[in-house]
Amino acid sequence: MSEELHRIRLSVNGVTREVELPARRLLSDALRHDLGLTGTHVGCEHGVCGACTVLVDGQPVRACLMFAVSAVDTEITTVEGLTREDGSLGPVQQAFAECHGLQCGFCTPGFLTTVTACLRENPHPSHDEAREMVAGNLCRCTGYQNIVKAVERAAELADPQHPDGQRPVGQQPDAPVEVQR
Amino acid sequence: MTTKLMGQKVQRTEDQRFLRGQGRYVDDVHADPSTLHAAVLRSPHAHARILDIDMSDVLDVEGVHVVWTYEDLGPLSPEMAEPLPLLIPHPDLTQGRTQYALARDEVNYVGEAVAFVVAEDRYIAEDALDKIKVTWEVLPAVVGIEASRAAEHLVHDDVPGNVGARSEQNTGDVAAALARAPHRLHLELDIERSACTPLEGRGTVARWDADTNRLQVWTSTQTSTGVRAAVAVKLGLDLGQVDVITPDVGGGFGVKVMHPWPEELLVPLAARLLGRTVKFTEDRREHFISSAHERGQVQHIDVGFDDDGRIIGLDVMFWHDHGAYTPYGLIVPIITSTQLLGPYKPEVYRVVFESIYTNTVIVTPYRGAGRPQGCFAMERTMDKIAAYLGKDRTEVRAANFIQPDEFPFDQGLIFQDGRELEYDSGDYPASLVKLKKLIGWEEFPALREKMAAEGRTVGIGLACYVEGTGVGPYEGAHVHIETSGKVKVATGLTTQGQGHATVFAQLVADELGVRFEDVEVVTGDTRRMPYAVGTFASRAAVMSGSAIHLAAKRAKEKALRIAADALEVDEADLEIVDGVVQVKGSPGTRMDLGTVAVLSNPLRYAFDEASKAATQFAVGDPGKPPVAEDDEPGLEGKDFYSPQRATFASGMHAAIVETDPDTAEVTILKYAVVHDCGHLINPMIVEGQIHGGVAQGIGGALYERMAYDPSGQLLNASFMDFLMPYVTEIPDGIDIDHLETPSPLNPLGIKGAGEAGVIPVSAVVAAAIEDAEGFPITAMPISPSDLHTLRQEHTP
């Protein structure tokens, strides 16, 4: 009972890739195992934890709840696509580093993609709004308060009007000691 | 002079990888279509005999490579047909039982591994599982402590009364102590099961290299060396033929210290047989029903005390539900029984426990490892004494504290590591002063009054604990200074997000005098450090931290000796600053550490410009051998740290909670932590550990429970049904204050910090709810419907 395969094109992080897949292959599995983009993690496979969140046409989507074949003709952004072109960290990534918003790092890609999309929609969240932005993602390590801090910090870093918005990353006045790199 | 990094909030090195999606977790290894994938058929019954397994349709599924049941294992490796190891034997565990890698004749919990399939991908492997037909004879299931104690049915036919172990420790005649106490009270407490539930489940990848006759195993574990030894034994290989590599681990919290999981043996066995890379990654349901749980206990306490609340006699009996098998021995109940005492010194203490079988998932340590239950018992007792005497709850605790001038303090018991339970240092009265200030203990009555005027009900609670951290037997470290001046550090214990790459690099940079960014740390790779124990019991910083410090010291001593020789100065006049060896006060006379590394290794062949300096015509005294008899080539330092006994961190938490008069919803309004883990290496990381621990504690106190039905089916084996806290369930900000009473047991004066956050939370929340509602809280977790029921019961 050989499975029927579908040759499809997936556009991920601005690159179009051709893959041959059965119709039942989850987008999360296709990204990870067929395209080797292992930054997207699978934590529960039923859409609750949010670790596998990717952006599909800019909107956060749980990659474990979507078939790869239905992602044809969309623009997918994974955590690997959040880094700036020069290789430096994007504002959300930088904020998570500064605020110690991650520990084991497994749920982190889902938080990063989710927060990226939320801040695009609401670049100046209130504290409660910042909490709400991460309220659909599970983290077992951090206890969340540094993640909320990171959302607020990311808003500052992404805001050209904010004093830190223009500042090269790693040179924030109140950031923890950064002695590496 | 380089800034000292110990004690600084240094940003984490490993974050760069994680934030870019370049973390390397087990399922990321060999993430390509050539890897084969395994799936496991698991028992649908809590207790049943296997009458027949029909696999005739399975190999017809295209893409299936291997299908195994128990019968297939023996012919492949005789050891595989034996039960899995009982990892930590104990004389009191008279009825220890472990399962087989694949069930032989009988299953004892829903989720027990029955058959194993390897196929082209996980989808096909699961298709194949559906084709396996098992004929079962279903047996009565024993679920929960009550049913186990009743012993109407037995989990194992040959274990009478379902009792795996009965254990007792005492410090004197408790009956006499209780008899002479002016006041006596009795408590009955109940704590339900929860589970570690890391976001990354278990996983194993294995590759057999026929060209070198070696096996490589990647596994998501807290103990690479433990898995290595188990795999070697079970597959009939020499230890030297097996490498175990633990890459990034997506959370452990205890469950990944259990080993070997059946899949950690079956995957390597299949890889060797097939000559292909084989991978197993469990799914979330599998994690719930086939990894491990913890916490379930029933406790009975008799306490006798004087008018000040000073405990004269404390008599504790508890029953510990260890599930269907006992692979991890009695560690959890031993910790409960010994760490229950916390910062207090009752005149006489007796504890008896029974560790009992049920037809449910095995129990192994979960962050805190038996301490949350012990803390619950002791702190509920303190609150009950205070209520009985009409005293402030903090006063009763203060009356029982071990005093700062009493350390080291021997509690007169034997701890989980087989050593005396002797506390090394602490200052509990000082912690209490800090905590009362942090939570606003004295101001609370006014707050309660103000809230009551608004129609709101609030309560305050606190709890104290002591945590034995940094248990032995040992850890080691290897520090290698490369000819580039970069420093490669290897330690054998693993990492699960605690920031080891950062804190260990801080220690090396400080000791060796090199730049932090030049230090690279590898953990959990048996190729780099084959002698190690593992990451559990808040031991990484204490054990590997100390070993790394000592190894760096050795490397430094060698560097200074070689440099002194080359620069023709006295060793004592040299220092290392930013990776350069220089004469103190005369920095013109200097040599890069990299150059010292070149000189440390006498060469015949020059392979680059730098190495020319070390060839046979360039260096050395022709009258002596190039490498002295007591020396070895290379600029390396290796050392081990093995302590006499554990260190004892301590702390106290307090919370103010609000209970909703209608919905019985419990909201934590304020949470405060005073924490003493000795000297801090990186306060940012320690606070992160506390935040995470408190969140897990809140989950355990209010939400998490394993909802088994009477037939042994776990009804909430998904994230949809097992409630773990999201940000919405965690108070917005935890106030933390540190106290630093250094440990005299290790060179850095540190104690462990990994589990502190979780230990007292259930006790604190129970106390605060009790304070708000005015009736006793004796069972945790407590849901709104539980609280509602209690209200009904206590309404006159």
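Between chain B and chain A, about 5500 Å² of area is buried, and carbon and sulfur atoms give 56% of it. This is a predicted model, and every value here is computed from it. Three residues of chain B stand out at this boundary. Gln11(B), Leu19(B) and Tyr123(B) supply 16% of the area that chain B buries against chain A, more than any other three residues.

How many residues of each chain are in contact across the boundary? On the chain B side there are 67, and they meet 63 residues of chain A. The polar links can be counted too. The rule finds six salt bridges across the interface. Asp27(B) forms a salt bridge with Arg32(A), with the closest N and O atoms 2.6 Å apart. Polar contacts join 29 residue pairs across the interface of the two chains, counting pairs with both residues at pLDDT 80 or more.

Which helices of chain B supply at least two residues each to the side that touches chain A? They include α1 (15-19), α3 (122-130) and α17 (683-702). Of the elements on that side, α17(B) gives the most, with eight residues. By residue type, the side of chain B that touches chain A divides into 30 nonpolar, 19 polar and 18 charged.

Now turn to the cores. The largest nonpolar core has 165 residues. Phe96(A), Leu314(B), Tyr423(B) and Leu702(B) have the most contacts inside this core. Take Phe96(A) and set aside its neighbours within four places in sequence. Within its own chain, Phe96(A) is in contact with residues including Leu102(A), Phe111(A), Leu112(A), Val115(A) and Ile147(A). Phe96(A) also contacts Leu19(B), across the chain boundary. Apart from the largest core lies another, of 49 residues. Among its members are Val503(B), Phe516(B), Leu560(B) and Leu748(B).

One acidic residue deserves a look. Glu475(B) sits in strand β19 (residues 475-481) of chain B. Is Glu475(B) buried or exposed? Glu475(B) counts as buried because its relative accessible area is 0%, under the 20% cut-off. What does its side chain reach? A polar atom of the Glu475(B) side chain lies 2.8 Å from the backbone nitrogen of Val533(B). The same side chain reaches the backbone nitrogen of Gly534(B) at 3.0 Å. Leaving out residues up to four places away in sequence, Glu475(B) also touches Arg539(B), Met543(B), Asp639(B), Phe640(B) and Tyr641(B), among others.

Next, the backbone. Two cis peptide bonds are worth finding in chain B. The bond from His259(B) to Pro260(B) is cis, with omega near -10°. Pro260(B) lies in the loop between β11 (242-245) and α7 (262-274). Another cis bond joins Phe407(B) and Pro408(B), with omega about -5°. Pro408(B) lies in the loop between α11 (393-400) and β16 (409-414).

The loop between β11 and α7 of chain B also holds Phe253(B). Phe253(B) is not a glycine, yet it has a positive phi of about 60°. Its relative accessible area is 12%, so Phe253(B) counts as buried. Asp578(B), also not a glycine, has a positive phi of about 50°. Asp578(B) lies in the loop between β22 (574-577) and β23 (580-583) of chain B. With 40% relative accessibility, Asp578(B) counts as partly exposed.

Note on methods. Residues are numbered from 1 along each chain as its sequence is written. Chains are lettered from A and ligands numbered from 1 in the order in which they are written. This is a predicted model: local features need pLDDT of at least 70, side-chain atom pairs count only at pLDDT 80 or more; totals for chains, interfaces and linings use all residues. Side-chain values use heavy atoms; hydrogens and water are left out. A nonpolar core is a set of buried Ala, Val, Leu, Ile, Met, Phe, Trp, Tyr and Cys residues joined through side-chain atoms within 4.5 Å. Buried means under 20% relative accessible area, exposed over 50%, partly exposed in between (1.4 Å probe, protein chains only). Contact means heavy atoms within 4.5 Å. Buried area is the accessible area (1.4 Å probe) that two parts lose on being put together, summed over both. A salt bridge is a side-chain nitrogen of Lys or Arg within 4 Å of a carboxyl oxygen of Asp or Glu. A polar contact is a pair of N or O atoms within 3.5 Å; within protein, one must be able to donate a hydrogen and the other to accept it, and residues adjacent in sequence count only if both atoms are side-chain atoms. Helices (H or I, at least four residues) and strands (E, at least two) are DSSP runs, numbered from the N terminus. Ala, Val, Leu, Ile, Met, Phe, Trp, Tyr, Cys and Pro count as nonpolar, Asp, Glu, Lys and Arg as charged, and the others, Gly among them, as polar.
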